[in-house]
Amino acid sequence: MRYKSVCRMSARLAVLVLAAALLGMQVPAYGDTGAGPAGELRGVWISYLDWEKLPAGEEGFQAGVNEILDRCVELKMNAVFVHVRPDADAMYPSEYFPWSRFVTGTQGEDPGYDPLDYFIQAAHERGLAFHAWINPFRVTGYLNRWDQLSDQSPAKIWKTDADPSNDRWVLKQGGEYYLNPAVPQVRDLIVGGVREIVESYDVDGIHFDDYFYPEVDNQDPDRWFDKPEYVAAGVGGPVSDWRRDNVNSLVREVYRTVKETDQEIQFGISPEGYVDHLRSDSRLFADIDTWMSQPGYVDYIMPQLYWGFEHKLSDGTTAPFAFDNNLRTWLRLKGQGNVRLYLGLAMYKTGSGTKDNNPVPEWLRRSDIIRRQVEAGRKCGEVSGYCFYAYSSFQEKACQAEVANLMKAFQ
């Protein structure tokens, strides 16, 4: 059963709505804490690293989720962006992917309950929207190595089933494994995984981040990734455009699948924040120009604007990706279409010595950077909300001065 209107609120809030209606009063809508401009998204990314810290047993897991979500409410958030598929795996019983090792410690091991179902239910009970966060092509990565993959992993099956026709459906690049974006069957697998989420769970959104293509080198056979598929396709034109088309094909199909299931479910992407990198012909191949100017791709874009106001290049000039410059770039892109713009902000950098080519990094000198970034987004009138990376950073001692300042913007 999918929540609708009042049903999208917690039972407690529904009672308040009914009482308020009888008294001629108004109460905040689902997903709106009443702090900040009406309708402003205030989300936090809850990653596989947070999942790994949760107990595997059902009772302990539920207690840990409750603690996380109660903290999100305390932080005046109204949405959570929760990893449900970090590495071609699943935090739920899936027809397509094995259980994630970040649930039980072992990929493919069934915990005996449905952690995603509980996470969504608990979020909605607290008035938090739930967005299911997926890394579409990544198979291995930090804390997840090839020898830890389950025999149920589609990647491992393709590599070991003695069928040469699917050997290149998963590729190794830079020491990591990726599903091959050039293969239609791979894209169908990813879309099928999205379909089972939106049909089976009461999610408010499907969310991709920027793990599309790794860095490639078309002149080096060890690093040219899916160039053989490009040559075999015989399509002509630049290989970089062909790669963008591969990603675009997936994005279009995911959008169509989501909207066919429920028009209210949102689909969005959080790409790297520097547009010049996104337009590169050697990495990512995230076609933000198309996504933001043409219908049928995304409902929103959430660029990761993970730099401060004072970031400089090595020559001492202000970097084009310093916050103000970067925000202006994304506002120009937003003007090309009707896609909502959210900003991804780097809570994890606050209080740290992250280098920015200043004698003393801005992140060490200032404790109000994130608050001022929110205020700048509000001032321009074109930013619909914010998401903060990551949940764990809100608990770290070094970040607490910045967190306290951010809360002033949410009062």
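Two residues are in contact when heavy atoms of each lie within 4.5 Å. The structure described here is a predicted model.

**Nonpolar cores**

By the contact criterion, and leaving aside residues up to four places away in sequence, V80 touches V44, I46, L69, C72, A123, L128, A129, F130 and H131. V80 is also one of the residues that touch the most other members of the largest nonpolar core, which has 111 residues. The others in that group are F130, I206, F208, W291, W330 and F388. Helix α9, spanning residues 239–261, supplies the largest share of this core, with eight residues. A second core, separate from the first, has 12 residues, among them L41, A129, W133 and M302. In soluble globular proteins, nonpolar side chains tend to be buried together.

**Helix α14 and its surroundings**

Helix α14 covers residues 369–380, 12 residues in total. The distance from its first C-alpha to its last is 17 Å, close to the expected 16 Å. Its buried residues are I369, I370, R371, Q373, V374 and G377. These buried residues pack against three helices, α12 (323–334), α13 (362–365) and α15 (400–409), and against the strands β10 (340–345) and β11 (385–388). After α14 comes G381, with a positive phi near 75°.

The loop between β11 and α15 contains A390. The peptide bond that joins Y389 and A390 is cis, with omega about 0°.

**Cysteines**

A disulfide requires two cysteine sulfur atoms within 2.5 Å, and by this rule the model has zero disulfides. For C387, the nearest cysteine sulfur belongs to C72 and is 9.8 Å away, so C387 is in no disulfide by that cut-off. For C399, the nearest cysteine sulfur is likewise that of C72, at 15 Å, and C399 is in no disulfide. C387 is buried, with a relative accessible area of 0%, and C399 also counts as buried at 0% relative accessibility.

**Positive phi outside glycine**

Two residues that are not glycine, L143 and A162, have a positive phi. The table sets out their values and locations.

| Residue | Phi | Loop | Relative accessible area |
|---|---|---|---|
| L143 | about 75° | between β3 (129–134) and α6 (154–160) | 28%, partly exposed |
| A162 | about 60° | between α6 and β4 (170–173) | 75%, exposed |

The loop holding L143 runs from β3 to α6, while the loop holding A162 runs from α6 to β4. L143 is classed as partly exposed because its relative accessible area is 28%, whereas A162 is classed as exposed because its value is 75%.

Terms used. Residues numbered from 1 in each chain as written. Predicted model: local features only at pLDDT ≥ 70, side-chain atom pairs only at ≥ 80, totals over all residues. Heavy atoms only, no water. Helix = DSSP H or I, 4+ residues; strand = E, 2+ residues; numbered from the N terminus. Expected span 1.5 Å × (residues − 1). Buried < 20%, exposed > 50% of the residue type's maximum accessible area, 1.4 Å probe, protein only. Core = buried A, V, L, I, M, F, W, Y, C linked by side-chain atoms within 4.5 Å.
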